[in-house]
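User: Please take a close look at one part of this structure, the packing of one pair of helices, and then set that part in the context of the rest of the chain.

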Amino acid sequence: MGDTVFMRGEIIRLKPPSRLAINTVVATNWQQAPPLPFINKKRVWHNILIAERIFAEYISEKEKQPFISISEYIQYLGLNTPRCIYSLPEQLVENIGRGKGLTPSGDDFLLGVLAVLSYVREAHPDAATTYQRFQIQVPRDISKTTDISAHYLTLALSQHFSKPVQWLVYYLFTATDRLTIETAITTNLLIGSSSGADTIAGIVYCINKLLLS
């Protein structure tokens, strides 16, 4: 925040002694995931089971303790989650700023929740209403977290998410084979130290509460 930058010939450079340069000439737009025309609950349920198994294996090895579900991992993080996401979504906002790092676990988890609500809002009326409630509440608590995490949350409230996140959500609703889900999960798990895992936890939690509970 507040660093001086220079731009010449579509190359962005930071003020010395930093050697960072960003070449915008080679930048490309992310391919957006297609819209969701309808929800096949049976397919979603099957894909979530696959995702949970892959996630549990990864996080058990990483944390050196056994996890059999994403729900256990959420408890391990110490996050607040309502029994019904429709009735009290504001409880999830209490997680903002909770955890360590540039993007705390509570924020990454909330990003996953917002990614699902944003994606299914056209196919699921309750999701649209819940997403709107987050758009009201999150800005009130956003000062509790880091600058970079607040930036990501602000983008999420405008339905902007990273390519790996949005495509994982898409595949959990539409994929018909394990390999596709495994590839998408693995790609997200490689993001940051735990940011990818925490975001996946939010995605799976939200799908479970939205459709499968």
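Analyst: A crossing of two helices is called left-handed if the near helix is turned anticlockwise from the far one by less than a right angle, and right-handed if it is turned clockwise. In this predicted model, H1 passes H9 in a crossing of the left-handed kind. Two packed helices are described by the angle between their axes and by the distance between the axes. For helix H1, residues 41-63, and helix H9, residues 195-212, the angle is about 150 degrees and the axes lie 11 Å apart. Since angles over 145 degrees count as roughly antiparallel, this angle makes H1 roughly antiparallel to H9.

The residues that bring the two helices together can be named on each side. From H1, Lys41, Val44, Trp45, Ile48, Glu52, Phe55 and Ile59 take part, and they meet Ala197, Ile200, Val204, Ile207, Asn208, Leu211 and Leu212 of H9. Sorted by character, the residues of this contact comprise 11 nonpolar, one polar and two charged.

The helix pair belongs to a chain with nine helices and three strands, and from the N terminus on its elements run β-β-β-α-α-α-α-α-α-α-α-α. The radius of gyration of the chain is 18 Å, close to the 17 Å that the globule rule gives for 213 residues, so the chain is as compact as a globular protein of that length. Along the principal axes, its C-alpha trace spans about 55 × 40 × 35 Å.

The strands deserve a look of their own, as they form an open sheet in the order E1-E2-E3, with antiparallel pairing. Strand E1 (5-8) and strand E3 (21-23) stand at the edges, and because each has a single partner strand, one side of each is left without a neighbour in the sheet. On average, and with direction ignored, neighbouring strands of this sheet are turned by 20 degrees against each other.

Within the sheet, E1 and E2 are joined in the antiparallel sense over four bridges, and Val5 has Leu14 in E2 as its bridge partner. The hairpin of E1 and E2 has two residues between the strands, and in this hairpin Gly9 takes a positive phi near 60 degrees. On the other side of the pairing, strand E2 (residues 11-14) and E3 are also antiparallel, here over three bridges, with Ile11 standing opposite Asn23 in E3.

Note on methods. Residues are numbered from 1 along each chain as its sequence is written. This is a predicted model: local features need pLDDT of at least 70, side-chain atom pairs count only at pLDDT 80 or more; totals for chains, interfaces and linings use all residues. Side-chain values use heavy atoms; hydrogens and water are left out. Axes are lines fitted to C-alpha atoms, for helices over the stretch in contact, and angles run from 0 to 180 degrees between N-to-C directions. Angles under 35 degrees count as roughly parallel, over 145 as roughly antiparallel, 65 to 115 as roughly perpendicular and the rest as oblique. Contact means heavy atoms within 4.5 Å. Ala, Val, Leu, Ile, Met, Phe, Trp, Tyr, Cys and Pro count as nonpolar, Asp, Glu, Lys and Arg as charged, and the others, Gly among them, as polar. Two strands pair if DSSP finds at least two bridges between them. The radius of gyration is taken over C-alpha atoms; the globule rule is 2.2 Å times the number of residues to the power 0.38.
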